[in-house]
Amino acid sequence: MADWKIPLYKIYWDDDDIEGVVRIIKRGTYWTTGKEIEEFEKMVADYVGVKYAVSFNSGTSALHAILLAYGIGEGDEVIVPSFTFIATANSVLFVNAKPVFADIEEETFGLDPEDVKEKISRRTKAIMPIHYGGSPCKIREIKEVAEDYNLLLIEDAAESLGAHIDGKKVGSYGDAAVFSFCGNKVITTGEGGIVVTNSGEIYEKLKLIRSHGRLEREPYFTSSKTPDYIILGYNWRISSFTAALGISQMRKLDKVVEMRRKNAMYLTERISKISGLFPPIPPDGYYHVYQMYTVRVEEGRRTRDGLKDFLAEKGIMSKVYFEPIHLTYFYRSKFGYVGGELPVTERLSGEVLTLPMYPALSFDEMDYIVNSIKEFVESHKSR
């Protein structure tokens, strides 16, 4: 359905976003490598509470780059969830390492620290958990595992900028972390990503990796000097337009998060009264930014899919985030997965349904969503 009455998400923007981009156009220069890029990176680093940030043209290239920067490669293993966007696992394959899937826990949908321990081998170099849908995972417990086994901890926080546990932001727990600014994220630049870290060495490597391995002592596009290329790199930079939009969006981040949380609380209060549905309720001290609003349908996949189809008939978009990566055709073919390897992941993937969530979602729209769910549940009971 192309024209949803209520889509899954809407981008929150204002005139400041437009003015920021127009300002770059009108100056007629520095459309790339402008001062806005470093300003944007500093804003994100300061917000998360780390020393450094390096921007990339997508969250996926940011994941790829951080694995390259740490020298992860052939023969190495990285522990990842299967309950995530496929880029988490694919990025490990990009560097010729092996993604090893660990199961998740039910409270945050993040990696289960106990199962992570079971998946560690002598080849394991890193643990890469995700913070699902705007909620912190059990990152403190996972950090303890990483420290006990002397492993790198790389947070895939693509969906969760602004989330925290007792005030400590996601992205500040690991050796490095990645955020995404793709169109459906809490704030967005259309496409884009960023790596944050406290390591000056990794920061310098990331800058080389994103720009052809070029050692830039002076700005490339305004200097007549010929630079040297010291490692193999890629063209993963963002433009000045993207950075200007990122600056404007970052200025609204706390406001946007509060709007999302207000809407989430409204939905949760009503959905919690519907039999057979479980709204997302984070653990105590966990600050959820609700990039996604994902409910669980107790009866499982068949009923969940029926609800999804029913909502579509009502003009309400919903979507399954996520089906297990290890059961996709590619991963089955490459690694021989048959199902049953990750029981919690496989069960929860059959129960989850992500409902519309965005700052401008109105009370009338949320009432329409809840009443449509109630209608489905009542009709389902009468069968």
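**Reading cavities, pockets, sheets and helix packing**

Q: Which residues line the second largest cavity?

A: The lining of the second largest cavity consists of Y9, K10, I11, Y12, G183, K185, V186, I187, T188, Q249 and R260. This is a predicted model, and the reading that follows applies to it as such.

Q: How does one find such a space, and how is its lining to be read?

A: Empty space left between atoms is revealed by rolling over them a probe the size of a water molecule. Here, about 60 Å³ lies in the second largest cavity, and its lining comprises 5 nonpolar, 3 polar and 3 charged residues.

Q: How many cavities of 30 Å³ or more are there, and what lines the largest cavity?

A: The count is 3 cavities of 30 Å³ or more. The largest cavity holds about 80 Å³. L8, Y9, N184, Q291, M292, Y293, Y321, T354, L355 and M357 form its lining. The classes in that lining are 7 nonpolar and 3 polar residues, with no charged residues. Y9 belongs to the lining of the largest cavity and also to that of the second largest cavity.

Q: What is the volume of the largest pocket, and which residues lie nearest its centre?

A: The volume of the largest pocket is about 630 Å³. Its lining has 24 residues, and T33, E38, K207, R210 and E216 are those nearest the centre. The lining divides into 12 charged, 8 nonpolar and 4 polar residues. As to secondary structure, at least two lining residues come from each of helix 2, helix 7 (200–209) and strand 10 (214–215).

Q: What can be said in the same terms of the second largest pocket?

A: The second largest pocket has a volume of about 410 Å³. It is lined by 23 residues, with F85, A158, S180, C182 and K185 closest to the centre. K185 was named above in the lining of the second largest cavity. Nonpolar and polar residues number 9 each in the lining of this pocket, and 5 residues are charged. Helix 3 (59–69) and helix 4 (87–94) each contribute at least two lining residues; the largest share, 3 residues, is that of helix 3.

Q: How should the pairing of strands be read?

A: Strands of a sheet are joined by backbone hydrogen bonds and may run parallel or antiparallel. For the parallel case, consider strand 2 (residues 77–81) and strand 4 (residues 124–127), which are joined by 3 bridges. V78 has A126 as its bridge partner in strand 4. Strand 4 also pairs in parallel with strand 5 (residues 152–156), over 2 bridges, and A126 stands opposite L152 in strand 5.

Q: Where is antiparallel pairing found, and what is the strand order 12-14-15?

A: Strands 12, 14 and 15 form an open antiparallel sheet in the order 12-14-15. Strand 12 (277–278) and strand 15 (352–355) are its edges, each pairing on one side only. Strand 14 (residues 293–297) is joined to strand 15 by 4 bridges in the antiparallel sense. T294 lies opposite T354 of strand 15, and T354 is one of the residues lining the largest cavity.

Another open sheet of 3 strands has antiparallel pairing and the order 7-6-13. Its edge strands are strand 7 (168–169) and strand 13 (286–287). Strand 6 (residues 164–165) and strand 7 run antiparallel and share 2 bridges; I165 has K168 as its partner in strand 7.

Q: Which strands does helix 9 lie across?

A: Helix 9 (residues 253–271) lies across strand 12, strand 14 and strand 15, at about 15 degrees to strand 14. Helix 10 (residues 301–313) also packs on the sheet, where it touches strand 14 and strand 15 and makes about 20 degrees with the direction of strand 15.

Q: At what angle do helix 2 and helix 8 cross, and is the crossing left-handed or right-handed?

A: The axes of helix 2 (residues 35–48) and helix 8 (residues 240–251) cross at roughly 35 degrees and come within 8 Å. The crossing is left-handed. From helix 2, E36, I37, E39, F40, M43, V44 and Y47 take part in the contact, and they meet S240, A243, A244, G246, I247, M250 and R251 of helix 8. The residues of this contact comprise 9 nonpolar, 2 polar and 3 charged. Helix 2 is also one of the elements supplying the lining of the largest pocket.

Terms used
Residues numbered from 1 in each chain as written. Predicted model: local features only at pLDDT ≥ 70, side-chain atom pairs only at ≥ 80, totals over all residues. Heavy atoms only, no water. Axes fitted to C-alpha atoms, helices over the stretch in contact; angles between N-to-C directions. Left-handed = near helix turned anticlockwise from the far one by under 90°. Contact = heavy atoms within 4.5 Å. Nonpolar A, V, L, I, M, F, W, Y, C, P; charged D, E, K, R; others polar. 1 Å grid on protein atoms, 1.4 Å probe; cavity = no way out; pocket = protein on both sides within 12 Å on 5 of 7 lines; lining within 4 Å. Points joined across faces, edges and corners; volume = space filled by probe spheres on them. Pairing = 2+ DSSP bridges.
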